[in-house]
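Here's a quick briefing for anyone opening this structure for the first time. Take a look at the sequence and the 3D view, then read on.

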Amino acid sequence: MTEIITAEMEELRRLIAQTVAKRDILKREMEAWYDRNKGSRFEFSSDLITVDSTLSELDSHYKRLWDYHNGSRATR
């Protein structure tokens, strides 16, 4: 079975990859922050929360599109 990937889905994949890269950078920065600043809150924690939320929304949107274009074909 060949899956259908629309232009919008391709754009979402690109945005997901960019967002994952941002998240990975923030997580590394957070680890380094806590190594140096025991007991204090990571200064960019709100950015990490926003990136996690954005990633979740992008993933959900991609899944809805994938299901719409490919879901019914998977049962045939």
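## Surface and overall shape

The protein has an accessible surface of about 5600 Å², and carbon and sulfur atoms account for 54% of that. Keep in mind that this is a predicted model. Here's what you're looking at, topic by topic.

**The big picture**

- There are two helices in the protein and zero strands.
- The helices are H1, covering 7–36, and H2, covering 45–74.
- Measure out the C-alpha trace along its principal axes and you get a span of about 55 × 20 × 20 Å.
- The radius of gyration is 17 Å, whereas a compact globule of 76 residues would come in near 11 Å.
- Just 20% of the 76 residues count as buried.
- Take the contacts between residues at least 6 apart in sequence: 67% of them join residues at least 24 apart.

**Helix H1**

- H1 has 30 residues, which at 1.5 Å a residue should span 44 Å, and its end C-alpha atoms are indeed 44 Å apart, so the two values agree.
- Its buried residues are Met9, Leu12, Ile16, Thr19, Leu26 and Trp33.
- A general point helps when reading such a list: an α-helix has 3.6 residues a turn, so residues three or four places apart point the same way.
- Glutamine 18 also sits in H1, and this residue is partly exposed because its relative accessible area is 39%, between the 20% and 50% cut-offs.
- From glutamine 18 to leucine 55 is 37 residues along the chain, yet their C-alpha atoms are separated by 9.5 Å.

**The nonpolar core**

- Seven residues make up the largest nonpolar core: Met9, Leu12, Ile16, Leu55, Leu58, Tyr62 and Leu65.
- Both H1 and H2 give two or more residues to this core.
- H2 supplies the largest share, with four residues.
- As a general rule, nonpolar side chains in soluble globular proteins tend to be buried together.
- Leucine 55, one of the core residues, touches Ile16, Thr19, Val20 and Arg23, leaving aside residues up to four places away in sequence.

**The loop and its aromatic rings**

- Phenylalanine 42 lies in the loop between H1 and H2.
- Is phenylalanine 42 buried or exposed? Its relative accessibility is 3%, and anything under 20% is called buried, so phenylalanine 42 counts as buried.
- Which residues does phenylalanine 42 touch, not counting those up to four places away in sequence? The answer is Leu26, Glu29, Met30, Trp33 and Tyr34.
- One of these, leucine 26, is 16 residues from phenylalanine 42 in sequence, and the two are 10.0 Å apart in space, C-alpha to C-alpha.
- Searching the whole structure turns up two aromatic pairs.
- Tryptophan 33 and phenylalanine 42 make an edge-to-face pair, with 6.2 Å centre to centre and 65° between the planes.
- Phenylalanine 42 also pairs edge-to-face with phenylalanine 44, this time at 5.9 Å centre to centre and 75° between the planes.
- Put together, Trp33, Phe42 and Phe44 form one aromatic cluster.
- Within that cluster, tryptophan 33 counts as buried because its relative accessibility is 14%, under the 20% cut-off.
- Phenylalanine 44, on the other hand, is partly exposed, with a relative accessible area of 34%.

**A stop in helix H2**

- Serine 46 belongs to H2, and with a relative accessible area of 42% this serine is partly exposed.
- Serine 46 and glutamate 8 are 38 residues apart in sequence and 28 Å apart in space, C-alpha to C-alpha.

Methods
Residues numbered from 1 in each chain as written. Predicted model: local features only at pLDDT ≥ 70, side-chain atom pairs only at ≥ 80, totals over all residues. Heavy atoms only, no water. Core = buried A, V, L, I, M, F, W, Y, C linked by side-chain atoms within 4.5 Å. Buried < 20%, exposed > 50% of the residue type's maximum accessible area, 1.4 Å probe, protein only. Contact = heavy atoms within 4.5 Å. Phe/Tyr/Trp six-rings, centres within 6.5 Å; stacked < 30°, edge-to-face > 60°. Expected span 1.5 Å × (residues − 1). Rg over C-alpha atoms; globule rule 2.2 N^0.38 Å. Areas by Shrake-Rupley, 256 points an atom, 1.4 Å probe, with all protein chains shown as cover.
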